[in-house]
Amino acid sequence: MDNIIEVKNVTYEYVDDNLTHSAVKDFSLAVERGSFTVILGHNGSGKSTLAKLINGLYKPTKGDVIVDGMNTKDELYETEIKRRVGMVFQNPDNQLIASIVEEDVAFGPENLGIEPDEIRKRVDESLKAVDMYEFVKSTPHHLSGGQKQRIAIAGIIAMQPDCIVLDEPTAMLDPKGRKEIINTILKLNREKNITVILITHYMEEAENADRVVVMNDGAIIADSTPKRIFSDVEMLKSVGLDVPQTTELLYSLKKNGFDVSTDVISIKEAADAIEKALHLEEK
Ligand code: ADP
């Protein structure tokens, strides 16, 4: 398997007033190139720490993180790893620097020392990739949260990363903005083959992932397809995750003796599953 990221037996300790606290514990995870992985977990489970370990912002206390064959502990690779693994954070306002959209998107490639003609090309392509090209001359300040976050993503794309790690990119957005971001991420993964690691505590956002990794207390407690993960309601509840309403409904029906399939995600799938079960009952 061609893994772009390999986290090998990593422990990360924060030190506070001489007290050490392990946010990630003997953690191992390999991410396949071109895949879309969702890391799910409630607050404090270690997701952000993992994200920062993956792009080399934090170095493991124990173990190794290998990005495309490069160890994040090796200072020689620091810049290259940061370029290859782009990070998108929660608050779009903290990520936008310039007063004009195109200048903002150009900021990353400028820092990499890319030629002006090539920068122009990348800025335009990146804005098109996130469906924000019409705002090329706009002021980010006037845009919606979802639009600003898409500009932040364009700024990362302009550095031509192999992988993007998004740390709760929708947490500050309304449902419309949230949808825009999820659709954008999906498109970048499917059309540009960018490896995506999406960190979230919204289960609904895991629907289109290839793989869902559930974290609790700095460790992996489940790692499977979205359908399998969604159907394990007991596990999800035990780690404090809110189960989508469709899953909750089917789970209750099943618990009350109704012979219905629980490995569904969308509203349409849920409706179909209920209809099927009703027909079976009638027979
Ligand atoms: P998540 O992203 O899942 O909310 P984090 O990685 O932010 O989890 O945090 C994991 C654990 O590490 C939590 O217990 C948190 O309190 C602790 N932690 C996070 N950042 C720091 C820090 N800067 N100093 C000390 N402890 C921290």
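Student: In this predicted model, which elements each supply at least two residues of the shell around the ligand, and which of them gives the most?

Tutor: At least two shell residues come from each of β1 (3–16), β2 (19–32) and α1 (47–54). The residues surrounding the ligand include K47, S48 and T49. These three positions fall within the range 47–54 of the helix. The element that gives the most, with three residues, is α1.

Student: How many residues of the shell around the ligand are nonpolar, polar and charged?

Tutor: The ligand is surrounded by Y14, D16, H21, A23, H42, N43, G44, S45, G46, K47, S48 and T49. Under the classification used, Tyr and Ala count as nonpolar, Asp and Lys as charged, and Gly is among the polar residues. The shell therefore divides into two nonpolar, eight polar and two charged residues.

Student: Which residue places a side-chain N or O atom 2.8 Å from an oxygen atom of the ligand?

Tutor: Backbone and side-chain atoms must be kept apart here. G44 has a backbone N or O atom 2.7 Å from a ligand oxygen, and for S48 a backbone N or O atom lies 2.8 Å from an oxygen of the ligand. The side-chain atom at 2.8 Å from a ligand oxygen belongs to K47.

Student: What percentage of the ligand's own accessible area does the protein cover?

Tutor: Among the atoms next to the ligand is a backbone N or O atom of G44, 2.7 Å from a ligand oxygen. On its own, the ligand has 570 Å² of accessible area, and the share of this area covered by the protein is 65%.

Student: What is the strand order of the open sheet, and which strands form its edges?

Tutor: The open sheet is formed by four strands with antiparallel pairing, in the order β2-β1-β4-β5. An edge strand pairs on one side only, and this applies to β2 and β5.

Student: How many bridges join β1 to β2, and how many join β1 to β4?

Tutor: In the antiparallel pair of β1 and β2, V7 has L29 of β2 as its bridge partner. Towards β4, the pairing is likewise described as antiparallel; here T11 has K62 as its partner, and K8 stands opposite D64. The bridge counts are 10 for β1 with β2 and five for β1 with β4.

Student: Which turn residue has a positive phi in the hairpin of β1 and β2, and which in the hairpin of β4 and β5?

Tutor: The hairpin of β1 and β2 has two residues between its strands, and D17 there takes a positive phi near 45 degrees. β4 and β5 pair over two bridges in the antiparallel sense, with V67 opposite M70. Their hairpin also has two residues between the strands, and phi is about 50 degrees at its turn residue. The two residues are D17 and D68.

Student: With which side chain does the side chain of N71 make a polar contact?

Tutor: N71 lies in strand β5 (residues 70–71). Leaving aside residues up to four places away in sequence, N71 touches D64, V65, I66, Y77 and I81. The polar contact of its side chain, at 2.9 Å, is with the side chain of D64.

Student: Are the residues of strand β6 buried or exposed, and which residue of β7 is the bridge partner of V85?

Tutor: In a regular strand, side chains alternate between the two faces of the sheet. In β6 (residues 85–88), V85 and M87 point one way and G86 and V88 the other, and all are buried. Four bridges join β6 to β7 (residues 163–167), and the two strands run parallel. The bridge partner of V85 in β7 is C163.

Student: Where do D26 and N193 lie, and what is the relative accessible area of each?

Tutor: Most residues other than glycine have a negative phi. D26, in strand β2, has instead a positive phi of about 40 degrees. N193, in the loop between α6 (175–192) and β8 (195–200), has a positive phi near 60 degrees. Since exposed means over 50% relative accessible area, both residues count as exposed, D26 at 51% and N193 at 52%.

Definitions and conventions
Residues numbered from 1 in each chain as written. Predicted model: local features only at pLDDT ≥ 70, side-chain atom pairs only at ≥ 80, totals over all residues. Heavy atoms only, no water. Near = heavy atom within 4 Å. Polar contact = N/O pair within 3.5 Å; in protein donor to acceptor, adjacent residues only side chain to side chain. Areas by Shrake-Rupley, 256 points an atom, 1.4 Å probe, with all protein chains shown as cover. Contact = heavy atoms within 4.5 Å. Buried < 20%, exposed > 50% of the residue type's maximum accessible area, 1.4 Å probe, protein only. Pairing = 2+ DSSP bridges.
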